[in-house]
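Subject: Structure for you, with notes

Hi,

Here is the structure I promised to pass on. Please have it open while you read, since my notes follow underneath.

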Amino acid sequence: MQITIDDMQSVDTSIYAVYEGEGPPFRVTESQKQKYTLTWFYGRSHHETDDLVAGMGPRSGLTLEQVRRTGASAARALLKEKKASAVLVRASFREGGASAAISVKEELQAWMEGWMYGLYQFNKHRGVTANHQDLSLNLRVKDWQGLTREDMESILREASIRINGTRLTRDLVNESPETLNPEAFVAVVEERFKKAQVQLHVYRGQELHDRQMNGLIAVGAGSQYAPAMIELSYNGASSSEKSPHIVLIGKGVTFDMGGMNVKIGRDISDARMDMGGAAAVVGAMDILVSCQAPVRVTALIAVADNLAGPDAMLPSSVIHYPNGLSVQVANTDGEGRLIIADALLHAANLGADKVIDIATLTGNVGAALGLEIAGIWGDRDITADLVDIGERNGERLWPMPLMDEYASELRSDYADLKNVGTSTLAGAITAALFIRHFVAESMKWVHIDMAGTVQYKREFPYSAAGATGYGARLLADYVEKQFLKT
């Protein structure tokens, strides 16, 4: 996955990014310039390069996500054609044409992120079907007016860091459960950050009992692998400035069988992806640490398996939390909120100012919003910032209501709360309402339900089927933006 900057390098394919009303140095139709349209023009002999025209639509309506998806689609199209190398030929801005809504720097970074995103393949467990094909991309300085070679190299480094964090998230979510259990997840995080300037502590065993992380203890009781709370802290902020302490909380259920309320279905392989929120937090931390961002941030990652077994928590069990609340486990498949509660209480003990929890929490959110956008609840200012960031980086969010009128769904006859509502309706909202009970008044908080966005269930032109990597760039961008404000 090599990207070079060289005006003279020889390649076997030229990629032309073309806009409606403009064109490459050969004739194409306006329909071939529509966004997300790819058209091959093959050379007449093996001595001639092939050309791939990537339609960009009208220049005035260009978005960063459109550029990313076009770059990803182009990369995947070249892989399918067994190409080895390509040059990206960027159309010059036409005199008198409509202005693009994004800068040249932003466009180049989006192209690079998209290209690397599209090349992603999870081959770890493949044998004869593995594809280890190499594909290099060449950029020409002359195509990117206003940018120097040094500018382009800096943009490429930043894009690589962001995509490496996203790849880490995708790899974790795609991994098989016999390879990535709670103890293995901890080991992956320890290995990834062992040389980084971070503080890492893992609460497990007696420490979970000492700190009364009873949700984790209960959820993980049915597994042979011990649950854990990973605390990963990074402080690159100036010691002379009062920096807000941002805490990112990720749900890390490495396999969600539903506990004693066992999931059923012809294929429940997706149960291995119930740690998408935790993977997103790990990816975000990887981005922030790798680019040495001047921020102060802590990740709290609650890791467990939710399995049936002789020691598993039972429906009607009661969990007591150190804030005084007791929770009736009405359904053991509502486990994510039980472990997020532990992390929220711990975040308050750490003195968190702002907290974002992210989780593959409910199928209900997918029924409401589909598979391209996640739901967000909580503080309006944090929500507005995250929504704005998501619109630019493609990891989109839709604000959802915390309906106090629905809180009665969580009443229990013999504990303070139930972990799931009585009704089959508004499950994502009642889950958010449950989580809110564990948010300290001193903290600003939002909850992101990303159950719908964690994976592509089929192959797309811009992505392989499987994990999307959703959340890594979203969280990293939010944290960085907060410190730019201060």
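First, a term for what comes next: a polar contact is a pair of N or O atoms within 3.5 Å; within protein, one must be able to donate a hydrogen and the other to accept it, and residues adjacent in sequence count only if both atoms are side-chain atoms. One such contact runs from the side chain of Glu395 to the backbone nitrogen of Gly471, at 3.1 Å.

Some housekeeping. This is a predicted model, so local features need pLDDT of at least 70 and side-chain atom pairs count only at pLDDT 80 or more, while totals for chains, interfaces and linings use all residues. Residues are numbered from 1 along each chain as its sequence is written, and side-chain values use heavy atoms, with hydrogens and water left out.

**The chain as a whole**

The secondary structure comes to twelve helices and 19 strands; these are DSSP runs numbered from the N terminus, helices being H or I with at least four residues and strands E with at least two. The C-alpha atoms fill a box of roughly 75 × 55 × 45 Å along the principal axes. The radius of gyration is 24 Å, which agrees with the value near 23 Å for a compact globule of 486 residues (taken over C-alpha atoms, the rule being 2.2 Å times the number of residues to the power 0.38). Of the 486 residues, 56% count as buried; buried means under 20% relative accessible area, exposed over 50%, and partly exposed in between, with a 1.4 Å probe and protein chains only. Contact means heavy atoms within 4.5 Å, and among contacts between residues at least 6 apart in sequence, 78% join residues at least 24 apart.

**Back to Glu395**

Glu395 sits in the loop between H10 and strand S15 (397–399). Its relative accessible area is 4%, so Glu395 counts as buried. Leaving aside neighbours within four places in sequence, Glu395 is in contact with Gly390, Gly469, Tyr470, Gly471, Ala472, Arg473 and Leu474.

The helix before that loop, H10 (residues 380–393), has 14 residues and reaches 20 Å from its first C-alpha to its last, close to the 20 Å expected at 1.5 Å a residue (the expected span is 1.5 Å times one less than the number of residues). At its start, a side-chain oxygen of Asp379 comes to within 3.1 Å of the backbone nitrogen of Asp381. Gly394 follows H10 and has a positive phi, near 90°. The buried residues of H10 include Asp385, Leu386, Gly390 and Asn393.

H1 (residues 64–80) has 17 residues and spans 25 Å, close to the 24 Å expected. Of those 17 residues, 16 are buried. Just after H1, Lys82 takes a positive phi of about 60°.

**Salt bridges**

There are 28 salt bridges, a salt bridge being a side-chain nitrogen of Lys or Arg within 4 Å of a carboxyl oxygen of Asp or Glu. Here are three of them:

- Arg162 and Glu113 meet at 2.5 Å, N to O. The pair links distant parts of the chain, with Arg162 in helix H3 (residues 149–174) and Glu113 in helix H2 (residues 104–118), 49 residues apart. Arg162 is buried at 8% relative accessibility, and Glu113 is buried at 2%.
- Lys194 and Glu191 meet at 3.0 Å, N to O. Lys194 counts as exposed at 52%, whereas Glu191 is partly exposed at 47%.
- Asp286 pairs with Arg192, their closest N and O atoms being 3.0 Å apart. Asp286 is in helix H7 (residues 276–290) and Arg192 in helix H4 (residues 182–192), 94 residues apart. Asp286 is buried at 7%, while Arg192 is partly exposed at 40%.

Salt bridges that share partners also join Glu65, Arg68, Arg69, Glu113, Arg162, Glu372, Glu395, Arg473 and Asp477 into one network.

**Nonpolar cores**

A nonpolar core is a set of buried Ala, Val, Leu, Ile, Met, Phe, Trp, Tyr and Cys residues joined through side-chain atoms within 4.5 Å. Which residues of the largest one touch the most other members? They are Phe185, Leu386 and Ile448, out of 58 residues. H7 gives the largest share of this core, ten residues. Apart from it lies another core, of 47 residues, among them Val253, Leu345, Phe434 and Trp445.

Cheers
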